[in-house]
Amino acid sequence: MGAIVILADDEKDFRSMVREQLTEFGYEVREAENGKVALGLIQKCAAPLSGESVHCVVADYLMPEMDGAGLLVALRSSEILALLPVVIVSGAFDKDSLERLMALDVDGVIFKPFTADKLLDEIDLARTRRERKNYLQQVAAKDRPGKSG
């Protein structure tokens, strides 16, 4: 079984294309048509005894019910799920959207259309960024006064 990528996008054809690309590179892709469904998939993988873990979340910025930013907020507000790397994709980002995503602690942003290589690079970069952020948070927590390490 390959590393799990949660792919959330309301366009079925786009999900199929990306799933094919990621599957070729050994990923197991779980698809969701919106952020709400994606959050459920992520929680299921993170459940104790599931034996699964999510490698990365790739979500469209604009989706019905729960968009990519809403999914990002939900993940970052969970102690366990906050550790997941998240890449947001969209055909049109404006300055305000990008600033909002950065404030929400996104790990990667990619513009549609993109190549498989670009997506793979962005997933790798997002994982590296998230691992670095998680490590720095752990170090900072140990160095706080009143904390014992």
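This is a short talk about helix H3 and some salt bridges in a predicted model.

Hi everyone, and thanks for coming. Please keep in mind as we go that the model is predicted.

Let's start with H3, which runs over residues 68-76. Which of its residues are buried? They are Gly 68, Ala 69, Leu 71, Leu 72, Leu 75 and Arg 76. If you look down the axis of H3, these buried residues fall within an arc of 160 degrees, so they line one face of the helix. As a reminder, an α-helix has 3.6 residues a turn, so residues three or four places apart point the same way.

What covers that buried set? The cover includes two strands, E3 (54-60) and E4 (86-90), together with helices H2 (35-46), H4 (95-103) and H5 (116-143).

Now have a look at the N-terminal end of H3, which is capped by Asp 67. One of the side-chain oxygens of Asp 67 sits 3.3 Å from the backbone nitrogen of Ala 69. Ala 69, you'll remember, is on the buried list as well.

On to Arg 76, which also belongs to H3. Its side chain meets that of Asp 107 in a salt bridge, at 2.6 Å from N to O. This pair ties together distant parts of the chain: the two residues are 31 apart, with Asp 107 in the loop between H4 and strand E5 (108-111). Are these partners buried or exposed? Asp 107 is buried, with a relative accessible area of 2%. Arg 76 is buried too, at 18%, and the cut-off for that word is under 20%.

The pair does not stand by itself, either: Arg 76 and Asp 107 are in a network of salt bridges that also links Asp 105, Arg 130 and Lys 133.

Let me finish in helix H5, with Glu 122. Which residues does Glu 122 pair with in salt bridges? One is Lys 118, at 3.6 Å from N to O. Another is Arg 129, where the closest N and O atoms are 3.2 Å apart. Glu 122 and Lys 118 are 4 residues apart in H5, so about one helical turn separates them.

In terms of exposure, Glu 122 is buried, with a relative accessible area of 5%. Its two partners are partly exposed: Lys 118 has 40% and Arg 129 has 31%.

For the bigger picture, the structure holds 17 salt bridges, and the Asp 107 and Arg 76 pair is one of those that link distant parts of the chain.

Thanks for listening, everyone!

Terms used. Residues are numbered from 1 along each chain as its sequence is written. This is a predicted model: local features need pLDDT of at least 70, side-chain atom pairs count only at pLDDT 80 or more; totals for chains, interfaces and linings use all residues. Side-chain values use heavy atoms; hydrogens and water are left out. Buried means under 20% relative accessible area, exposed over 50%, partly exposed in between (1.4 Å probe, protein chains only). The arc is that of the directions from the helix axis to the C-beta atoms. Contact means heavy atoms within 4.5 Å. A polar contact is a pair of N or O atoms within 3.5 Å; within protein, one must be able to donate a hydrogen and the other to accept it, and residues adjacent in sequence count only if both atoms are side-chain atoms. A salt bridge is a side-chain nitrogen of Lys or Arg within 4 Å of a carboxyl oxygen of Asp or Glu.
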